[in-house]
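User: I'm new to this one and would like to know how the labels on it are earned. Can you take me through a few?

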Amino acid sequence: PKCLLLNPVFELCVAMASQISDKKRTKKTKKRSRVESEEFERINSLNWNPTLTEKDDAFSFLIGSNELEGGFLCLEEIDESEYNLGIAKSSGGSEEKGKTKPKKQKVDTKNEELNGEAKGESKEEIEEVEKETKQKKKKKMKKKKKDKINKDAVNEAEGNEEPPAVTDGNDDQEQDSVDETEYYAWNELRLHPLLMKSIYALKFKEPTPIQQACIPAGSHQGKDVVGAAETGSGKTLAFGLPILQRLLEEREKAERQLPENGELDDKVASAGLLRALIITPTRELALQVTDHLKEAAKHSNFRVVPIVGGMSSEKQERLLKTRPEIVVGTPGRLWELMSGGETHLVELHSLSFFVLDEADRMIENGHFHELQSIVDMLPMANKSTDDDSQKSQNCETVSSVQRKKRQTFVFSATIALSADFRKKLKRGSQKSKANDELNSIETLSERAGMRADAAIIDLTNASILANKLEESFIDCRDEDKDGYLYYILSVHGQGRTIVFCTSIAALRHISSLLRILGVNVWTLHAQMQQRARLKAIDRFRGHEHGILIATDVAARGLDIPGVRTVIHYQLPHSAEVYVHRSGRTARAHSDGCSIALITPNDTSKFAALCRSFSKDNFQRFPLEMSYMPEVMKRLSLARQIDKISRKDSQDKAKKNWLERSAELMELDLEDNDSEEERVNNHKRKKATSAQLTNLQEELKSLLSRPLQPKTFSKRYLAGAGVSPLLQNQLEELARQKNSNNSGDVKRKKMIVIGQDCVEPLQALRSAGPETKLNLKDMAEKRRDITELRRKRRETKKRLREQRRKQKKKLQGKE
Ligand SMILES: Nc1ncnc2c1ncn2[C@@H]1O[C@H](COP(=O)(O)OP(=O)(O)OP(=O)(O)O)[C@@H](O)[C@H]1O
């Protein structure tokens, strides 16, 4: 912060501290660097092969790898034990300190052993080094304590906030295995060493732009933040790290004060109180954010608990009894517990951070009533005490200090920031309209207590879409959609794919068809049980080429590495949802592509979508039409099978319902059918069942072969679905045969089917620019169609009028 930089005494202290730590680090690393420089010289002398492909490079996974270990919490895993129910309820910093110590020692020894082994030192030498290190450590700890006290005195005299501790790399030997220089981009953000430890573990080499912008504003300047950045750009840590940073600083400050005046600081006394409340629109997102923050808070021992619907309230109340500092939840369940007077959730006087993730979704229907109630319960600096006590009936004491200090973070990839956002905030803070509905981001932020000097960080570009996302579309008739979907999934089914539908009916329709066609898919929609929802995501996550068919419940926030393709089977209702859906791919440092299936009815919607992203041309997804006859043949069989099976299960369900109802009412069901009808029914059933068997067998035989283009003949070699090695061998064989037949012009070349079995992004990239669709052409075509329709309507009207007149004339004559 500026105030710290302006303070010469503080600057001097920091400079001295960093000099001392630099000297120590130099001594320690001297020996190691000698060994390393020899090794570097040897490596430098080796020939570098620039043609080495990423595939051949055994170490390519180290570069730009995004296979991050995230992991969803399965419902079965959400257990009290995970949230340290054993921890004493008011766990102060000292307790946590005590808890971490033995672990530290264990890690130290382990690392020292490893270091010793690596350098090939003798046992005596290792012991000597160990002794020396221990002595140095003791001396250092003493000095550090002294320094801290001095620094604190200076800071307090100058009225400054405590700067984050400067790490010298010796505190924790665990960091020795990490090359800190690779993480130099984080230095500017001056994060607490315990947070840096988590960042090393996560292997995030540098902060993302939104993190770079939000961390100083949110942590060191203590500002409210409105953050907008593309999907997958790391917004969770952009608000998560400032929260953890400030909580750590507070804890350390209070711990230092303890031995001096012998009294507990307010904030230490409030340990075990709710400090941060994070609200997300979906349960899956809440669990994911919890997971992510837990990783970041791993070394600082702050507890993060998810409170979401679909789990038993009692279980969640038990989790809240552990008094976690950070709660992440969805508005519905949070409000249910808050309105029921859940102690931990209504003690809001201690709340220092209020976060709205995916804020623009919160103001949409279905969320804002509960959210409004939660927001109204927050102690506000600009409300009168009467108002407060009325609004927060269950809220206990309201400390004005906490009220003033609460920070509000509002984040989304598609925040619709109006030009006079700041002005509105300012006006709002002077005159709050109690009856306003939270139907805009501005009113929502204002009512949540956002201050007028909030940092507004908007890093979205004109198109709002992720940078590394390639978009495309397929224009088709309604009845061909299923065919194209099956085509993409079978010819280009590489990597993970999410297929988005707008309605659950459409989701059920395509998932049933695809399963009949032998494509393994998982489904996710809001009507599913929470346990099944989490299981579907877990399974999808666990399968390299998994396919998830989902409604927009999965559109926001879901972070699954390796999602290569997003297919919009039905276009979403808004541009925002399109952005979020497409944002499930091309996350962090990865790329990906989206494919929209556009029917004639969708064209105007699609054009509006393109306009809102300032795009005037869109790429057509390249299709190999010779596959389509085979695709449609399979699809036709699958549709017939689906129809028969559906009818059968409907009949069974109806019969079961009738029988159950009769049983409940203690009635006997009479069979009114005549003998003839019964025989006919039986015959019909038998015929249907035989038809079903035939269809299934026919489809089975088609599915046993790879998908073939129409011109398939002996000259083609089937290569789809085979291993890459066999594929190469087949291609080589085809090349040999082609070169042998080169004189025969009439004979077709031998082609290996499946050689275009590449992921959609690759197919799109190799398709070339000629496949781009100009939106202006599209608009012209649309105008022509509208004109044609208008003319048709007019002709019809004229004809109707003529007929009416003729009829009248005839009646007059009669
Ligand atoms: N500094 C970083 N370096 C590398 N990866 C990061 C970094 N920060 C976060 N990530 C990873 O990037 C991915 C996306 O992060 P996150 O879910 O926070 O994005 P987001 O911006 O909230 O996306 P969305 O708008 O879709 O919700 C996650 O897998 C996360 O672990």
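Analyst: Sure, here are some short exchanges about a predicted model.

User: What makes E3 and E7 the edges of the sheet?

Analyst: The seven strands of this open sheet follow the order E3-E4-E2-E5-E6-E1-E7, with parallel pairing. Strand E3 (304-307) and strand E7 (455-458) each have a single partner strand, so one side of each has no neighbour in the sheet. On average, neighbouring strands here are turned by 15° against each other, direction ignored.

User: How do you know that E1 and E6 pair?

Analyst: Two strands count as paired if there are at least two bridges between them. Strand E1 (residues 225-228) and strand E6 (residues 407-412) have four bridges, in the parallel sense, so they pass that cut-off. As one spot to look at, Val 226 stands opposite Val 410 in E6.

User: Why are H11 and H14 called oblique?

Analyst: Helix H11 (residues 331-339) and helix H14 (residues 368-377) cross at roughly 50°, their axes coming within 9 Å. Angles under 35 degrees count as roughly parallel, and 65 to 115 as roughly perpendicular. The crossing angle of roughly 50° fits neither, so H11 and H14 are oblique to each other. The crossing is left-handed.

User: Which residues of H11 and H14 make the contact?

Analyst: From H11 there are Pro 331, Gly 332, Leu 334, Trp 335 and Met 338, and from H14 Glu 370, Leu 371, Ser 373, Ile 374 and Met 377. Sorted by kind, the contact has seven nonpolar residues, two polar and one charged.

Key:
Residues numbered from 1 in each chain as written. Predicted model: local features only at pLDDT ≥ 70, side-chain atom pairs only at ≥ 80, totals over all residues. Heavy atoms only, no water. Helix = DSSP H or I, 4+ residues; strand = E, 2+ residues; numbered from the N terminus. Axes fitted to C-alpha atoms, helices over the stretch in contact; angles between N-to-C directions. Parallel < 35°, antiparallel > 145°, perpendicular 65-115°, else oblique. Left-handed = near helix turned anticlockwise from the far one by under 90°. Contact = heavy atoms within 4.5 Å. Nonpolar A, V, L, I, M, F, W, Y, C, P; charged D, E, K, R; others polar.
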